[in-house]
Amino acid sequence: MDSNDLNRKDVYILGIESSCDETAVSVVKNGREVLSNEIASQADFHEQFGGVVPELASRMHIEAVYPCIVNGLKKANLSFRDIDAVAVTYGPGLVGALLVGLSAAKGVCEATGLPLIGVNHMHGHIAANYITHKDLEPPFICLCVSGGHSQIILVKDYLDFELLGTTRDDAAGEAIDKIARVIGLGYPGGPKMDKAAQGGNVTRYTFAKTHMNDTLDFSFSGIKTSALNQINKLKMQGEDIDICDFAASYQQHIANELVRNTIIAAKSKGIRKICIAGGVSANSFLRNELKKQGKKFDLYFPEMKYCTDNAAMIASIGYFEYVKGTRHGLDLNACPSLEL
Ligand code: KG4
Ligand code: ZN
């Protein structure tokens with residue numbers, strides 16, 4: 001941002017997020033100050049099915065989005081007249097879910113004349129760090145790990161990204177959720193497995209090492225399979241799995257893989273600042289491992305409530321898009337596979 005940008009009047013962005021199973025609305029001032037952060041989570045509802053049912057998620061977003069917008073404005077003590085633009089996630093995510101937030105945002109823009117700004121959900125996850133760390137500026141390396149993505153990103157500027165590494169198969173969150181379900185921890189697996197593993201022995205169980213030379217890419221499918229094989233083998237032998245130790249060993253193994261490549265990426269690019277983002281960035285094993293291996297770096301962790309899906313991060317990245325001049329028409333479509 002140049003000095004002209006700093007002299008602007010305050011900018012208030014209304015953010016709307018509905019890419020998976022959280023309907024969220026937030027008002028953020030100047031990209032960093034959260035004035036409201038409404039989240040209607042469907043996690044308890046989807047628990048009975050062991051995962052998100054896309055069609056039901058869409059229907060629940062329809063019910064939740066309007067009250068979230070009303071409450072988001074009310075808690076910020078603002079009205080539409082005070083808002084400068086509406087930022088909304090248009091991808092990646094579940095198409096039906098995305099369409100609900102996007103349609104609501106278009107409705108607001110059509111009724112109020114406010115500009116519409118479609119934003120990339122993954123850019124939003126990275127921006128969660130700007131909310132937590134008011135002085136953080138690019139360039140930095142961001143390890144962005146969610147239910148659908150595991151990416152090492154060089155953030156050159158607020159809206160200039162280079163993908164350095166990604167998963168070749170499953171995302172880290174997906175690998176954690178699947179094994180959590182198999183060992184009976186239920187949905188959503190990530191936070192439950194993290195909790196169940198506290199104090200566990202991280203070396204009791206071992207898993208396949210899947211990192212490859214000459215690439216920063218990840219592979220989590222093999223780790224997941226090696227966990228499944230061990231669980232089946234122990235069952236056949238009539239042995240009980242120690243849930244605490246198993247969950248600790250498994251998460252530690254995934255954390256090792258994630259941190260290893262992230263540190264290599266930062267060193268190879270000569271970058272001192274490392275951020276993490278996305279739902280899995282809430283994981284205590286990942287955070288501890290990064291603190292251990294990343295002692296020589298400046299580390300930035302988003303506040304817990306901004307790790308998993310929320311609209312404050314969408315409004316934050318929406319601010320940087322707004323300043324850059326990004327505006328979308330009402331013909332903007334949802335992009336379920338939107339790339340970085
Ligand atoms: O970013 P997010 O809320 O949604 C997506 O964009 O996918 O991430 C959800 C993922 C799920 O896989 C969830 O199990 C995982 O983040 N997660 C965690 C923790 N909290 C959420 N994984 C490990 N440890 C946690 N504490
Ligand atoms: Zn997400």
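A residue is called buried when its relative accessible area is under 20%, exposed when that value is over 50%, and partly exposed in between. With this vocabulary in hand, the predicted model can be explored, starting with its metal site.

The zinc ion (ligand 2) is held by His121 and His125, each through its NE2 atom, and by Asp309 through OD, at 2.0 to 2.1 Å. Read along the chain, these donors follow the spacing H-x3-H-x183-D. His121 belongs to helix H5 (residues 121–132), whereas Asp309 sits in the loop between strand S10 (298–300) and helix H11 (312–324), so the pair ties together parts that are 188 residues apart in sequence. The relative accessible area of His121 is 6%, so His121 counts as buried. Asp309 is buried as well, with a value of 14%.

Attention now turns to the other ligand. Ligand 1 is surrounded by 17 residues, and the closest are His125, Gly147, Asp177, Gly190 and Asn283. His125 is thus listed here and also among the zinc donors. Several polar atoms face ligand 1. A polar side-chain atom of Asp177 lies 2.6 Å from one of the ligand's oxygen atoms, and a backbone N or O atom of Gly190 is found 3.0 Å from an oxygen atom of ligand 1. Asp194 also takes part, with a polar side-chain atom 3.0 Å from a nitrogen atom of ligand 1. On its own, ligand 1 has 550 Å² of accessible area, and the protein covers 87% of it.

Helix H9 (residues 243–269) offers a friendly check by arithmetic. The expected span is 1.5 Å times one less than the number of residues. For the 27 residues of H9 this gives 39 Å, and the end C-alpha atoms are indeed 39 Å apart, so the two values agree. H9 is mostly covered, with 19 of its 27 residues buried. Both ends of the helix have something to show. At the start of H9, a side-chain oxygen of Asp242 comes to within 3.2 Å of the backbone nitrogen of Cys244; just after H9, Gly270 adopts a positive phi of about 65 degrees.

One residue of H9, Phe246, is touched by Gln230, which is itself part of helix H8 (residues 221–236). Leaving aside residues up to four places away in sequence, Gln230 also touches Tyr205, Thr206 and Phe207. Gln230 and Thr206 are 24 residues apart in sequence, and their C-alpha atoms are 9.2 Å apart in space. With a relative accessible area of 21%, Gln230 is partly exposed.

Technical notes: Residues numbered from 1 in each chain as written. Chains lettered and ligands numbered in written order. Predicted model: local features only at pLDDT ≥ 70, side-chain atom pairs only at ≥ 80, totals over all residues. Heavy atoms only, no water. Donors = N, O, S within 2.8 Å, 3.2 Å for Na, K, Ca; no water. Helix = DSSP H or I, 4+ residues; strand = E, 2+ residues; numbered from the N terminus. Buried < 20%, exposed > 50% of the residue type's maximum accessible area, 1.4 Å probe, protein only. Contact = heavy atoms within 4.5 Å. Polar contact = N/O pair within 3.5 Å; in protein donor to acceptor, adjacent residues only side chain to side chain. Near = heavy atom within 4 Å. Areas by Shrake-Rupley, 256 points an atom, 1.4 Å probe, with all protein chains shown as cover.
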